[in-house]
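Student: I am new to this structure and would like a close look at one part of it. Please take a single buried residue and work outwards from there, explaining each term as you go.

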Amino acid sequence: MIATIKTAIALSRARAAARALRGARHPMDDTNIIAHAAASLGVALAPKTFEGDEVGRFGASYDAGSRTVTYNLAIPVRRRIVLIARQLGHAALHAGPAAAGKLRMAQRCEMNGDGTPYAYTDHEKEAQAFADELLAPRAEVIGLREVLPASQVSDAFAVTADVIVRQWRSAPAYAVSSI
């Protein structure tokens, strides 16, 4: 129960950070929301071309030391945007020695049933919530869940459908206004 509450608070914090970073910029009006977010965070974006077996194994990664997100040019554009936004979430939420120390402590103290560190899983959920909110704000997409399929909403926001589905699932059922 306590872990669920901590996760909900962490995800709420991640969404708030994305909203603050995005500011007045609306993803549908700004095709360069990723570049804006990276610049605001002081993070460089570095494309990389992979060959052979590496093509399918690498999407994007964040190097806290160099403050760089490296991403794979071989993957589809929409998927690439979501992966880069997720790495920017790590930069915004998990940067600095304090965050690294907290993760190391959690790895020593708490493990999930599958052997992964609880904090690592939590960090991934936070980074994904940040990316989803940055690219397709929940307040913008929630009203569309009753009238359009996820594929059409994802087309409008130029993201993958899984972003829209996660945003819909994360909102309470009563969030859709009947007015």
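Tutor: At 1% relative accessibility, Gln 167 counts as buried, a word that here means under 20% relative accessible area, with exposed meaning over 50% and partly exposed the range in between (1.4 Å probe, protein chains only). This is a predicted model, in which local features need pLDDT of at least 70 and side-chain atom pairs count only at pLDDT 80 or more, while totals for chains, interfaces and linings use all residues. Residues are numbered from 1 along each chain as its sequence is written, and side-chain values use heavy atoms, with hydrogens and water left out.

Gln 167 sits in helix H9, which spans residues 161-170; helices (H or I, at least four residues) and strands (E, at least two) are DSSP runs, numbered from the N terminus. If neighbours within four places in sequence are left aside, Gln 167 is in contact with Arg 15, Asp 132, Glu 133, Ala 136, Pro 137, Arg 138 and Val 141, where contact means heavy atoms within 4.5 Å. One of these partners, Ala 136, belongs to the loop between helix H6 (118-135) and helix H7 (138-141), and with 0% relative accessibility Ala 136 is buried as well. Ala 136 also has a C-alpha to C-alpha distance of 7.4 Å to Val 163, although 27 residues separate the two in sequence.

H9 has a helix partner too, since helix H8 (residues 150-157) and H9 have axes that come within 8 Å and cross at roughly 110°. Axes are lines fitted to C-alpha atoms, for helices over the stretch in contact, and the angles run from 0 to 180 degrees between N-to-C directions. That angle makes H8 roughly perpendicular to H9, because 65 to 115 degrees counts as roughly perpendicular, under 35 as roughly parallel, over 145 as roughly antiparallel and the rest as oblique. On the H8 side the contact is made by Ala 150, Val 153, Ser 154 and Phe 157, and on the H9 side by Ala 161, Ile 164, Val 165 and Trp 168. The crossing of H8 past H9 is right-handed, which is the case if the near helix is turned clockwise from the far one by less than a right angle, and left-handed if anticlockwise.

The loop between H8 and H9 holds Ala 158, whose phi is near 55°, a positive value in a residue other than glycine. Most residues other than glycine have a negative phi. Ala 158 is partly exposed, with a relative accessible area of 35%.

A positive phi is also found at Arg 67, about 50°, although Arg 67 is not a glycine. Arg 67 is placed in the loop between E2 and E3, and at 26% relative accessibility it counts as partly exposed. E2 and strand E3 (residues 68-72) pair in the antiparallel sense over four bridges, pairing being assigned if DSSP finds at least two bridges between two strands.

To set this part in its surroundings, the protein has nine helices and three strands, and 41% of its 179 residues count as buried. Of the contacts in the protein with a separation of 6 or more, 64% are accounted for by residues 24 or more positions apart.
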